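Got the viewer open? Here is a walk through the model, stop by stop, with something to select at each one.

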Amino acid sequence: MAPRRAALFAAVLLLASAAAVSGFHLGGDESGLVRGVLAALRERAEAEDAARFAVAHHNKNQGAALEFTRVLKSKRQVVTGTLHDLVLEAADAGKKSLYRAKVWVKPWEDFKSVVEFRLVGDSEVESEPSVASDGSSGQAIAKVSLEADIVQEEARLHTVENEGLSSDLASSS
């Protein structure tokens, strides 16, 4: 799959370069078009990377042997980093199934964490999140829970940084 993506990326760059050199233009800002295509390719690659990480993490923790096949659906939410909400296809002993994975990524810290990984049915992928009888949705609870986890992680990192700063100051005086 990676050579195919690299070939597509190279083809897009080649076409963009040829268009720029030959004076061809679409009646607008081609650089914006090229940036948009490149951003879409980058986001797709990030989603696939997050999906592969989720499958590997699941295999390691569950002793499973899933093989990543493809990403079917991808959403991104910018938090402190990026939360990838994915529906992916993976094969287990040749039988393909759909899984929902949520992967939190902070590339500047070389941090990845699987927030959720579960088997889903075909109908669940197509439908919107169900609403409970009280009008609330489980998705809202999960989002609040994830946000709380993120705040806790940031607080823990801040504490570790401050403890390191305190011990540095104490040792220097």
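**The whole chain**

Start with everything in cartoon view and trace the chain from its beginning: the elements follow the pattern α-α-β-β-β-β-α-α. That makes four helices and four strands. Keep in mind as you go that this is a predicted model. If you colour by burial, 25% of the 173 residues come up as buried. Among contacts with a separation of 6 or more, 42% link residues 24 or more positions apart.

**The sheet**

Now select the strands. They form an open sheet of four, in the order β1-β2-β3-β4, with antiparallel pairing. Look at the two edges: β1 (67-79) and β4 stand there, each with a single partner strand, so one side of each has no neighbour in the sheet. From one strand to the next, the twist averages 20°. In general, strands of a sheet pair through backbone hydrogen bonds, so switching those on is a handy way to look at any sheet.

**Around β2 and β3**

Zoom in on β2 and β3. These two run antiparallel and are joined by eleven bridges. Pick aspartate 92, and opposite it you will find lysine 95 in β3. The hairpin here has two residues between the strands, and alanine 93 takes a positive phi near 55°. Before moving on, show β3 as a surface: ten of its twelve residues are buried, so the strand is mostly covered.

**Around β3 and β4**

Next, slide over to β3 and β4, which pair in the antiparallel sense over nine bridges. Two cross-strand partners are worth a click. Alanine 101 stands opposite phenylalanine 117 in β4, and arginine 100 has arginine 118 of β4 as its bridge partner. Follow the chain round the turn: this hairpin has four residues between its strands, and aspartate 110 in the turn has a positive phi of about 50°.

**The aromatic pairs**

Hide the cartoon for a moment and show the aromatic side chains. How many aromatic pairs does a search of the whole structure find? It finds two. For one of them, select tyrosine 99 and phenylalanine 117: the ring centres are 5.2 Å apart and the planes meet at 20°, so this pair is stacked. Tyrosine 99 belongs to strand β3 and phenylalanine 117 to strand β4, so the pair ties together parts that are 18 residues apart in sequence. Are these two buried or exposed? Tyrosine 99 is buried, with a relative accessible area of 9%, and phenylalanine 117 is buried too, at 17%.

For another aromatic pair, select tryptophan 104 and phenylalanine 111. This one is edge-to-face, with 5.0 Å centre to centre and 80° between the planes. Tryptophan 104 is buried, having a relative accessible area of 5%. Leave phenylalanine 111 on screen and add lysine 106, which lies over the face of that ring, 4.7 Å from the ring centre.

**The core**

Time to look inside. The largest nonpolar core has 16 residues, and those with the most contacts inside it are Ala54, Val55, Leu66, Leu88, Tyr99, Val103 and Phe117. Colour these by element: α2 (30-62), β2 (81-92), β3 (95-106) and β4 (111-120) each supply at least two residues of this core. Which of them gives the most? That is α2, with five residues.

To see how the helix meets the sheet, centre on alanine 54. Setting aside residues up to four places away in sequence, alanine 54 touches Ala101, Val103, Val114 and Phe117. You have already met Ala101 and Phe117, as the residues standing opposite each other.

**A last stop in a loop**

Finally, find alanine 65 in the loop between α2 and β1. Alanine 65 is exposed, with a relative accessible area of 52%. Not counting neighbours within four places in sequence, alanine 65 is in contact with Asn59, Ala91 and Asp92. Draw a distance between the C-alpha atoms of alanine 65 and alanine 91: they are separated by 8.4 Å, although the two residues are 26 apart along the chain. And Asp92 is the aspartate you clicked earlier, opposite lysine 95 in β3.

Definitions and conventions: Residues numbered from 1 in each chain as written. Predicted model: local features only at pLDDT ≥ 70, side-chain atom pairs only at ≥ 80, totals over all residues. Heavy atoms only, no water. Core = buried A, V, L, I, M, F, W, Y, C linked by side-chain atoms within 4.5 Å. Buried < 20%, exposed > 50% of the residue type's maximum accessible area, 1.4 Å probe, protein only. Contact = heavy atoms within 4.5 Å. Phe/Tyr/Trp six-rings, centres within 6.5 Å; stacked < 30°, edge-to-face > 60°. Lys NZ or Arg CZ within 6 Å of the ring centre and 35° of its normal. Pairing = 2+ DSSP bridges. Axes fitted to C-alpha atoms, helices over the stretch in contact; angles between N-to-C directions.
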